[in-house]
Amino acid sequence: MAAELIDGKAFAAELRERVAGHVAGLRAAHGIVPGLAVVLVGEDPASEVYVRNKGRQTVEVGMASFEHKLAAETSEAALLDLVARLNGDDAVHGILVQLPLPAHIDADAVINAIDPAKDVDGFTLSNVGLLGTGQKAMVPCTPLGCLMMLKDRLGDLSGLDAVVIGRSNIVGKPMAQLLLGQSCTVTIAHSRTRDLPEVVRRADIVVAAVGRPEMVPGDWIKPGAVVIDVGINRIPAPERGEGKTRLVGDCHFESCAAVAGAITPVPGGVGPMTIACLLANTVTACCRAHGLPEPEGLTA
Ligand code: NAD
């Protein structure tokens, strides 16, 4: 393996330590405890795991965690009611509504009901617009984590060619905006892109956010490029025993690592950074709510 491994787990642990330091400082100097409310509707097993992890890590860094678990048949009106209550609750500085929501609920309506100042996922139209126009926004957690790791590895990104594969509102588009904000030359590739291998071969930075196991092989990667693999895909692993599975990214790790300058593994790359960035955004939101200076080291 030629590439340096970008250790997202260690990076996330350092970020959580910085968050915990700010939380302790807010409590000692101002008697303020940052609070994060997470809302889960229904019983999607993957979402339940995410919500549990978010709650645990929120408490571990010294913040207050408010978990709201609602039945799958909860009405949109009841959910909007809860969001309104959380918007008005001074102990809550960040609100996250876990996606996906059940089909009978309009997810856009619910997300946009969140006070943009408490929108620690950065999904409201207001924050999307602020990010798109280069203004101070709440930045979506997964792309924020990717940018932090890229800047740590590369320093100044100005002028670099970046290819983002995937154009989702959650990862691809905000990632492209962030890279543009760093003066990269950005290409967004997607399912209709012609000659994807050639497009990817131009890139100094590749961010893969597709959700297709190991679709990017090493011979698409420019030697020395930095590869950020956002994909999380569960595939059968008969070599581990009958019925066993394992997680892989959107990039074929071994072949990409043989060519790249640096690469994030799956698991242990982008994944751990996402929750750490959520905690960081909550502390930032808390400081802004109280008119305190922006905390240092919590954003890219
Ligand atoms: P999505 O399904 O919303 O978007 C996928 C994108 O990939 C689409 O824009 C589509 O155009 C593009 N695409 C599909 N097939 C393609 C192809 N053959 N070639 C090029 N582009 C193609 O997914 P998402 O929510 O952006 O998530 C993407 C992946 O990232 C998933 O595996 C998801 O689990 C993972 N993810 C990880 C984290 C994390 O914390 N690490 C967070 C969010 C998402």
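Tutor: Before we begin, a salt bridge here is a side-chain nitrogen of Lys or Arg lying within 4 Å of a carboxyl oxygen of Asp or Glu, and the model we are reading is a predicted one.

Student: Which residues are linked with Lys136 in a network of salt bridges?

Tutor: One pair to start from is Glu294 and Lys136, whose closest N and O atoms are 3.5 Å apart. Glu294 lies in the segment after H10 and Lys136 in the loop between helix H5 (125-132) and H6, so this pair ties together parts that are 158 residues apart in sequence. The network that holds Lys136 is completed by Arg288 and Glu294.

Student: How many residues apart in sequence are the parts that Glu4 and Arg153 tie together?

Tutor: The side chains of Glu4 and Arg153 meet in a salt bridge, with a distance of 2.3 Å from N to O. Because Glu4 lies in strand S1 (residues 4-5) and Arg153 in helix H6 (residues 141-154), the parts tied together are separated in sequence by 149 residues.

Student: Is Glu60, which forms a salt bridge with Arg56, buried or exposed?

Tutor: Glu60 and Arg56 are four residues apart in helix H2 (residues 45-60), which means that about one helical turn separates them. Arg56 is partly exposed, with a relative accessible area of 42%. For Glu60 the relative accessible area is 52%, and since the cut-off for the exposed class is over 50%, Glu60 counts as exposed.

Student: Which residue of S4 is the bridge partner of Val38?

Tutor: Strand S2 (residues 35-41) and S4 pair in the parallel sense over four bridges. In strand S4 (residues 94-97), Gly94 and Leu96 point one way while Ile95 and Val97 point the other way, and all of them are buried. Within S4, the bridge partner of Val38 is Leu96.

Student: Which proline follows Val266 through a cis peptide bond?

Tutor: Most peptide bonds are trans. In this model, however, the bond from Leu99 to Pro100 is cis, with omega near 0°, and Pro100 is placed in the loop between S4 and helix H4 (107-113). A further cis bond, with omega about 0°, is placed in the loop between strand S11 (262-263) and helix H10 (270-289), and there Val266 is joined to Pro267.

Student: What is the phi of Ser183?

Tutor: Most residues other than glycine have a negative phi. Ser183 lies in the loop between helix H7 (172-181) and strand S6 (185-189), and at 42% relative accessibility it counts as partly exposed. Although Ser183 is not a glycine, its phi is positive, near 65°.

Technical notes:
Residues are numbered from 1 along each chain as its sequence is written. This is a predicted model: local features need pLDDT of at least 70, side-chain atom pairs count only at pLDDT 80 or more; totals for chains, interfaces and linings use all residues. Side-chain values use heavy atoms; hydrogens and water are left out. Buried means under 20% relative accessible area, exposed over 50%, partly exposed in between (1.4 Å probe, protein chains only). Helices (H or I, at least four residues) and strands (E, at least two) are DSSP runs, numbered from the N terminus. Two strands pair if DSSP finds at least two bridges between them.
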